2 protein chains.
Amino acid sequence: MASPQHRPLALTMGDACGIGPEIIAAWFRSAEAGGAFVVGDVAVMRRAAALTGGLLPVARIDRGEDAAALPSGCIPVLQADGIAADLVDAPLGAVDARAGAAAARCIEQAVALVRAGAAAALVTAPIHKEAFAAAGIGYPGHTEMLQALAAAPGAVPPPVRMMLANDELRTVLVTIHISLRKAIEAVTFDAVLETIRIADAAARRFAPGRPRVAVAGLNPHAGEGGLFGDEELRIIAPAVQAARAEGIDASGPFAPDTVFMRARHASGHPGEFDVVVAMTHDHGLIPVKYLGVEHGVNVTLGLPFVRTSPDHGTAFDIAGKGSADPSSFAAAVRMARTLADGAGQVGELNLASGASAS
Amino acid sequence: MASPQHRPLALTMGDACGIGPEIIAAWFRSAEAGGAFVVGDVAVMRRAAALTGGLLPVARIDRGEDAAALPSGCIPVLQADGIAADLVDAPLGAVDARAGAAAARCIEQAVALVRAGAAAALVTAPIHKEAFAAAGIGYPGHTEMLQALAAAPGAVPPPVRMMLANDELRTVLVTIHISLRKAIEAVTFDAVLETIRIADAAARRFAPGRPRVAVAGLNPHAGEGGLFGDEELRIIAPAVQAARAEGIDASGPFAPDTVFMRARHASGHPGEFDVVVAMTHDHGLIPVKYLGVEHGVNVTLGLPFVRTSPDHGTAFDIAGKGSADPSSFAAAVRMARTLADGAGQVGELNLASGASAS
């Protein structure tokens, strides 16, 4: 097996009717292109290449390893098995069962390649929930599907967490797609401690030494000593202590309204922390998205392989126009490379520099 | 009574042992100084003037109107009644009952001046909760005290709301200093509608015409159609509809993780909304504070007069060092001027330009 730095990244095409194929093609036109191949459909990727203007050949490959041998200036595509022969006829910008099924096949085959060591990491273009459902795919989204694919048959899937990251800030979420009311109930000692562990393990890939893990509170002013809620005293502070006892440099709980500002890495403003654990979806995502979604990257932590994705969906409203912005996808590719290269290979995470897109 | 534009602002000194007097003195040294007087203690303000370096005379005045007649380059101070003669002996950087009592007296007298038309608006330097308590002042903070002072004797205090604002973003909060669990219960139709009305009325002061009031949801993805919580369907959407029926340009509920980004006014990024109504303390404050607290301004809406304050506390740890940053206080003064001048006097709110600090 080649060293991680020399193995290519596997890029899944996503929903063929959305902007996924286009943003991948646009990325292959960029100066950062290289060291990656697409798991998808050759005809769909040819159409996407044409949509993004100018000559960009699509080269069909049979094994991920062959991608490295191709000249630059083309898109290496590993044709996924089990895709409808007429997938390219599915209308752009609409839900289509063929596209949902094809997206799932690409994910399955890309995961198998990554797990077999033929690819260093997985970068997924957006899928469409309703197309998945139309195709009878029993997962609401990528995360659940990847979690299931990561487990041995019959085994309990590994605990996973969502990390959202941009150039300035990384947050890992204790709870995600549930009501705020249920999220409060889901903030348990075990869930917080597990999230701190997962955040710490991930941060070791981009922060040299012992990463500084800040833990945000749940309540205003982190509960103000119990005056505005006691989850900090009962649950979060003990979980932080337990993490410290395991050798993790965790601190908090901190007031949610200032901890993200304190963790922000910007010019003239070195962040105080390497990663912030947030109790709720919106505490964590509001600051990451505030400066613009185009550079946000979604990372699934806890899987036995690296998986990143852009922080946007299929954008059916602009699919096929060749106008989709590939910035977030490009950031996802850089992040995948950084995480796959691992600790010691990179210093401070800097998505903007592209320094680690070797 | 002079027109609002020509009336001075009343600045309360805040806790004499904190950074309040210093940041006021520092502001009087700035190019923006003028059109304002301090309600405080002459001796404390003399010490603060000396702490901030260089000559800066303190001139005792007897009526707010006299401030305009003083030459620039001095601090006009209206000596508040009922202040301990030895207030200036209270040690800097510590809780002192004399300082708590004096801060309360300054607020009472400044409110009386504003209500009598002798001042255009109120800008308050930070008080200390424990010093208030040590002095037997029965209010936990400014907001509650001002609310009580605004009500006729025996009458129900007016509903007030907190607005946090900086150059880029204004948010008005439905709930503030309660646990997240209680905040969910406090998100009622009446509370949301009242907040939208108050936000709209305030926004008319800085947004020409009909302000665009965005209403954030409570749950992730604003509930995703009821899948992640139903407060949006049951409470928030009906309140938005009721506000629209009253002629307010309210919209939403929007996903909390992107509505603040969408409302952000920045260079090359015109915000889609003039103000955002947030359901919880941290949904609203995380984005306002994310780029730094030094330019944040706290505005109490719903009072019969304009009141602003800096977005920080007494900072006992650096009190008396002359190093406190007056940026947030300066922004609070500019905001008070903008709001007091009212609609038609100013165009787009731009705290950074100082254009409205006339």
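Two strands pair if DSSP finds at least two bridges between them; helices (H or I, at least four residues) and strands (E, at least two) are DSSP runs, numbered from the N terminus. This is a predicted model, in which local features need pLDDT of at least 70, side-chain atom pairs count only at pLDDT 80 or more, and totals for chains, interfaces and linings use all residues. Residues are numbered from 1 along each chain as its sequence is written, and side-chain values use heavy atoms, with hydrogens and water left out.

Select the sheet of chain A. It is open and mixed, with 12 strands in the order E3-E4-E2-E1-E5-E12-E11-E6-E7-E10-E8-E9. Strand E3 (58-61) and strand E9 (249-254) of chain A are the edges, each pairing on one side only.

Next, select residues 122-124 and 307-310 of chain A: strands E5 and E12 pair in the parallel sense over two bridges. Leu122(A) stands opposite Arg307(A).

Add helix H3 (residues 97-115) of chain A, which packs on the sheet and touches strands including E1 (9-12) and E2 (36-40); contact means heavy atoms within 4.5 Å.

Move to the second largest pocket (on a 1 Å grid over the protein atoms alone, an open set of points where a 1.4 Å probe fits, with protein on both sides within 12 Å along at least five of seven lines; lining residues have an atom within 4 Å of a point). The second largest pocket is lined by 43 residues. Select His221(A), Asp311(B), His312(B), Gly313(B) and Thr314(B), which lie nearest its centre. Helix H9 (256-263) of chain A and helix H11 (327-341) of chain B are among the elements giving two or more residues to this lining.

Terms used. Chains lettered and ligands numbered in written order. Axes fitted to C-alpha atoms, helices over the stretch in contact; angles between N-to-C directions.
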